[in-house]
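Dear colleague,

Please find below the structure that I am handing over to you. My notes on what was found in it follow the display.

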Amino acid sequence: MAEPGFVEFDPAGGCPCGGCAQERRARRHALAVRDGGHPAAHGTRRALVLVATAGTVLSSGVAGPGAAAALGAGAGTGTSAGRERTLLTPAVAHGPGHLRAARPDTPALSLTSGATPQGQVSGLYGGTGSGLGRAVAASAPRPLTRNEIIARAQRWVSAQVPYNMGRYWSDGYRQDCSGFISMAWNLGRNQWTGSLAQYGIRITKSELRPGDMLLFHNPGNPGAGSHATIFGGWADSSRTRYIAYEQTRPHTVKRSTPYAYWRNSAGYVAYRYRGLAEGGDPGGDPGSGTSAFPGAGKFGPGADNAYVTRLGRMLVERGGGRFYTSGPGPRWSEADRRATEAFQRAQGWTGAEADGIPGPATWSYLVDGAGRDIGSSGGGGATAFPGRGWFRPGQSSSYVTSLGKQLVSKGFGKYYSSGPGPRWTEADRRNVEAFQRAQGWTGRDADGYPGPETWRRLFR
């Protein structure tokens, strides 16, 4: 039998098979070599193809047993002394008329854990864009306040927009992570993780505020883990978790997330939108775009300004809505004082630190989403998370009863055949798990055991 030979060739660019389509997609996403991308992503693709006894196979598109044996004889790739060497690699059929060998250095859109496939740069609804997944010059940013960014992100959360890198929502933005950021920042076109950074200003972790972006872009293989989220505020005072707004499978979610993300955490970079309007939103709240404390003089009897309105809105978001019969509004009222006091007491503060008048610490906690929310117990008190140890098999306490009652009140009590009561049971765990999954959480975040964020959402 003749020795098999090898030739280099490129399959037709219009080949419809899955392998070629995936490689074309990977090439589109690959960073240009001048921008730091891998040369293999743009150079000539070298496929090793058996052409001797397999010649008739190539011409006919049908592989016989002899060809299959020849193809499998030398399969594999390896490295030696740090240098990659290509051995006989099993050719992969790509439709009638050609075979292609797999290459280890070809970027591919892996759909395994950590991968976040995404579309290319385009206009709304997929209209004309730059193509090839390359960054284009950023147009003048449209002014947005932080409140507006979060409100735009929340619209997709409320609609539970399905994740799909090839489809566009009713507003024209692509239904993947970078399309979601493009929508929240109102960029007017669909970007990808390789081009989003040009619309932001790089900031540090300590500077993060609601509406900022956390971005991980993997230039060598954009499909392997690249992702972006909207920062919604810190979920704990230690700043180890934050509220992330993100487009992910199966749909848009808002959830407590470990900083900076579940995977590739060290690779995430924080950015602030270049068009951020620090001066306020259309509602006339000049403090909505900044975290700076405006001063104690803006609050208390006789105060009448937009900062009082913003304070009230933040207090309502943290569980203080029951103190307001109307509003919140710009004129300081006893409702503002009582809600502020309840929030302060929820942090464990007493005396002058819980006088109902916001100071720098109170303001910072509210703006950053830090600390504990106002509890649902009477008298303006707080129901603080008592600790994980109370919610384990064999434990019995009033905290378990309170948890069960709150689950029932929220509509998550279907697993109780009696009770709820003070002894922790499997029914408690299953009801907690159902509540956690309703928040869009999975894995360890939906294990049925309450943590600080589960408790906060139940009792807010």
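**Findings**

P250 sits in the loop that links strand 12 (241-246) with strand 13 (253-258). The model is a predicted one, and in it the peptide bond leading from R249 to P250 is cis, with omega near 0°. A second cis peptide bond runs from Y259 to A260, and its omega is likewise near 0°. A260 belongs to the loop between strand 13 and strand 14 (269-273).

That loop between strand 13 and strand 14 also holds N264. The phi angle of N264 is near 55°, which is a positive value in a residue other than glycine. With a relative accessible area of 37%, N264 is partly exposed, because that class covers the range between 20% and 50%.

Q160 likewise has a positive phi although the residue is not glycine; the value is near 50°. Its place is the loop between helix 4 (146-159) and strand 7 (164-168). The relative accessibility of Q160 is 44%, so Q160 counts as partly exposed.

**One residue on a strand**

R202 is part of strand 9 (residues 200-203). Is R202 buried or exposed? Its relative accessibility is 62%, and R202 therefore counts as exposed, since the cut-off for that class is over 50%. When neighbours within four places in sequence are left aside, R202 is in contact with V269, A270 and Y271. The C-alpha atom of R202 is separated by 9.8 Å from that of D212, a residue 10 places away along the chain.

**Helix packing**

Two packed helices are described by the angle between their axes and the distance between the axes. I give both values for two pairs, and helix 11 (residues 452-459) takes part in each.

In one pair, helix 9 (residues 398-409) packs against helix 11 at an angle of about 55°, and the axes are 10 Å apart. This angle makes helix 9 oblique to helix 11, because it lies outside the ranges for roughly parallel (under 35 degrees), roughly perpendicular (65 to 115) and roughly antiparallel (over 145). The crossing of helix 9 past helix 11 is left-handed. Helix 9 contributes Y399, S402, L403, Q406 and L407 to the contact, while helix 11 contributes W455, L458 and F459. Of the residues in this contact, six are nonpolar, two are polar and none is charged.

The other pair joins helix 10 (residues 426-438) to helix 11, with axes that come within 11 Å and cross at roughly 85°. Helix 10 and helix 11 are therefore roughly perpendicular to each other. Which residues make this contact? They are V432, F435 and Q436 from helix 10, together with T454, R457 and L458 from helix 11. This contact divides into three nonpolar residues, two polar residues and one charged residue. L458 appears in the contact with helix 9 and also in the contact with helix 10.

**The chain as a whole**

The protein chain contains 11 helices and 14 strands. Of its 460 residues, 47% are buried. Its accessible surface comes to about 20900 Å², and carbon and sulfur atoms account for 52% of that area. Among the contacts between residues at least 6 apart in sequence, 56% join residues at least 24 apart.

With kind regards

Notes: Residues are numbered from 1 along each chain as its sequence is written. This is a predicted model: local features need pLDDT of at least 70, side-chain atom pairs count only at pLDDT 80 or more; totals for chains, interfaces and linings use all residues. Side-chain values use heavy atoms; hydrogens and water are left out. Axes are lines fitted to C-alpha atoms, for helices over the stretch in contact, and angles run from 0 to 180 degrees between N-to-C directions. Helices (H or I, at least four residues) and strands (E, at least two) are DSSP runs, numbered from the N terminus. A crossing is left-handed if the near helix is turned anticlockwise from the far one by less than a right angle, and right-handed if clockwise. Contact means heavy atoms within 4.5 Å. Ala, Val, Leu, Ile, Met, Phe, Trp, Tyr, Cys and Pro count as nonpolar, Asp, Glu, Lys and Arg as charged, and the others, Gly among them, as polar. Buried means under 20% relative accessible area, exposed over 50%, partly exposed in between (1.4 Å probe, protein chains only). Accessible areas come from the Shrake-Rupley method with a 1.4 Å probe; for residues, only the protein chains shown count as cover.
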